[in-house]
Amino acid sequence: SLIEQNLDNVIERRRENYVRLCQAVNGIKGVRILFPTLQDKVCPYMFPIIVSGGTEAIKRKLQYHGIPASSWPDLPDEVLQTKDEHGSAIWLNEHILLLPIHQDLSDKQMKHLTTTVGNVLRECELVHTV
């Protein structure tokens, strides 16, 4: 059916974009790809990485360059203010960065995304080495 074919295209495109980002960040100090390989038929929603030095400055730089990077999970202020009780959730929020890989990104947009992400992360690795 048309819906199944379209879904297959979405899965294929997202997986391709995921691999492109894997290649762009692979080997950058202080950055770990959360899922370096995808199982067959997995359709990723985002590209998650762990940044050992924290994501805040990187996220701001990427957003400045038009890349909608985000943290995970989103946490309310009352959780962020109680590190003793919610240390793990806060650590995840401060160290996991989500990057877009959706199927509607054009080749030009993906080139901008992979180049910018690679440059910003390499720039920050000089500051935050593992």
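**Reading a sheet and its helices**

User: Which residues is K59 in contact with, leaving aside its neighbours within four places in sequence?

Analyst: Contact here means heavy atoms within 4.5 Å, and K59, once its neighbours within four places in sequence are set aside, is in contact with A69, S70, S71 and L97. K59 lies in helix 2, residues 56-64, where helices (H or I, at least four residues) and strands (E, at least two) are DSSP runs numbered from the N terminus. This is a predicted model, in which local features need pLDDT of at least 70 and side-chain atom pairs count only at pLDDT 80 or more, while totals for chains, interfaces and linings use all residues. Residues are numbered from 1 along each chain as its sequence is written, and side-chain values use heavy atoms, with hydrogens and water left out.

User: Is K59 buried or exposed?

Analyst: Buried means under 20% relative accessible area, exposed over 50%, and partly exposed in between, with a 1.4 Å probe and protein chains only. K59 has a relative accessible area of 14%, so it is buried.

User: How are the strands of the sheet ordered?

Analyst: Strands of a sheet pair through backbone hydrogen bonds, either parallel or antiparallel. Here the sheet is open, with four strands in the order 1-2-4-3 and antiparallel pairing, two strands being paired if DSSP finds at least two bridges between them. Strand 1 (31-33) and strand 3 are the edge strands, each pairing on one side only. Five bridges link strand 2 with strand 4, P48 having L98 as its bridge partner, and two bridges join strand 3 to strand 4, with S71 opposite L97 and S70 opposite L98.

User: Which way do the residues of strand 4 point?

Analyst: In a regular strand the side chains alternate between the two faces of the sheet. From strand 4, I96, L98 and P100 point one way while L97 and L99 point the other. Five of the five residues of strand 4 are buried, so the strand is largely enclosed by the rest of the structure.

User: Which strands do helix 1 and helix 4 meet?

Analyst: The angles here, from 0 to 180 degrees, lie between N-to-C directions of lines fitted to C-alpha atoms, for helices over the stretch in contact. Helix 1 (residues 2-25) lies across strand 1, strand 2 and strand 4, running at about 20° to strand 2. Helix 4 packs on the sheet, where it touches strand 2, strand 3 and strand 4, and its direction makes about 45° with that of strand 4. The buried residues of helix 4 are I90, N93 and H95, and what covers them includes helix 3 (77-80).
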